[in-house]
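Here is a friendly walk through the model, from the overall layout down to single residues. Keep the viewer open as you read.

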Amino acid sequence: GSWEKNGEWILDPITHTYDNLVDTLLANGYVEDETLFQFCYDWRNSNQTTAGVLAQKIETIKTLCQCGYVDLIAHSMGGLLAEHYIESEGYNNDVDQLILVAVPQAGAPKAYKAWEGGKIDFGNPTESAFLQTKFRIEALRNGHSSIFDYIRNQPIVSIQELLPVYG
């Protein structure tokens, strides 16, 4: 849910998926950067790599709030990287509550379209068309001739990590 905007990673500036959640938490007494912290990250990186960045963020938060634990609310891939952190050797037993929302535990079938064919499909046709264009621009900006080439040869490891895994 993070995207880079003007050189800074922010929480979904495109579809504003999380605005209502953040607004509700703020309305219920949480205070931005005191008791409520957003974790924005480069979703293209491996979840294992980003789990290390999450560990650093949690350490910073614990120092700021003078606390030993944090609660995490994670959506989609954010849940996968939170799980990577908790299952890692670097885990500091510092997550009290983990709330997972729509986490693709067995993978995301739509990731297959992106990994195998360079097709970006988020379900909603308008959103998908917008993101297909955004990916195409990103591919060209990074010297790739197509979205497929960009995803496979950049590589965008997180899409590969989202491929469905069925027994």
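## Overall layout

Reading from the N terminus, the elements of the protein follow the order β-β-α-α-β-α-β-α-α-α-α. In total, the protein holds seven helices and four strands. Please keep in mind that this is a predicted model.

How does the radius of gyration of the protein fit with a compact globule of 167 residues? Such a globule would come out near 15 Å, and the protein has 17 Å, so the two agree. The C-alpha trace spans about 50 × 35 × 30 Å along its principal axes. The accessible surface comes to about 10,000 Å², and carbon and sulfur atoms hold 51% of that surface. Of the 167 residues, 34% are buried. Among contacts with a separation of 6 or more, 60% are between residues 24 or more positions apart in the chain.

## Where α2 meets α3

A good place to zoom in is the pair formed by helix α2 (residues 47–65) and helix α3 (residues 77–87), whose axes come within 8 Å and cross at roughly 75°. Because angles of 65 to 115 degrees count as roughly perpendicular, α2 is roughly perpendicular to α3. On the α2 side, the contact is made by Asn47, Gln48, Thr50, Ala51, Leu54, Ala55 and Ile58. Their partners in α3 are Met77, Leu80, Leu81, Ala82, His84 and Tyr85. Sorted by type, the residues of this contact are nine nonpolar, four polar and no charged.

Asparagine 47, in helix α2, deserves a look of its own. Is asparagine 47 buried or exposed? With a relative accessible area of 1%, asparagine 47 is buried, because the cut-off for buried is under 20%. Setting aside neighbours within four places in sequence, asparagine 47 touches Met77, Leu80, Leu81 and His84, and also Glu161.

## Loops and the C-terminal part

Glycine 107 sits in the loop between β4 (95–101) and α4 (109–117). Glycine 107 is buried, at a relative accessible area of 18%. Apart from neighbours within four places in sequence, its contacts are Leu162, Leu163 and Pro164. By C-alpha atoms, glycine 107 lies 25 Å from aspartate 19, with the two positions 88 residues apart along the chain.

Glutamine 160 belongs to helix α7 (residues 157–161). Its relative accessibility of 41% makes glutamine 160 partly exposed. The C-alpha atoms of glutamine 160 and valine 31 are separated by 36 Å, and the two residues are 129 residues apart along the chain.

## Backbone details

Two residues other than glycine have a positive phi, and they are set side by side here.

| Residue | Loop | Phi | Relative accessibility |
|---|---|---|---|
| Aspartate 33 | between α1 (19–27) and α2 | near 65° | 51%, exposed |
| Alanine 102 | between β4 and α4 | about 50° | 58%, exposed |

Why do aspartate 33 and alanine 102 count as exposed? Their values of 51% and 58% pass the cut-off, because exposed means over 50% relative accessible area.

One more backbone feature is worth finding in the viewer: a cis peptide bond joins glutamine 154 and proline 155, with omega at about -20°. Proline 155 is in the loop between α6 (147–153) and α7.

Technical notes
Residues numbered from 1 in each chain as written. Predicted model: local features only at pLDDT ≥ 70, side-chain atom pairs only at ≥ 80, totals over all residues. Heavy atoms only, no water. Axes fitted to C-alpha atoms, helices over the stretch in contact; angles between N-to-C directions. Helix = DSSP H or I, 4+ residues; strand = E, 2+ residues; numbered from the N terminus. Parallel < 35°, antiparallel > 145°, perpendicular 65-115°, else oblique. Contact = heavy atoms within 4.5 Å. Nonpolar A, V, L, I, M, F, W, Y, C, P; charged D, E, K, R; others polar. Rg over C-alpha atoms; globule rule 2.2 N^0.38 Å. Buried < 20%, exposed > 50% of the residue type's maximum accessible area, 1.4 Å probe, protein only. Areas by Shrake-Rupley, 256 points an atom, 1.4 Å probe, with all protein chains shown as cover.
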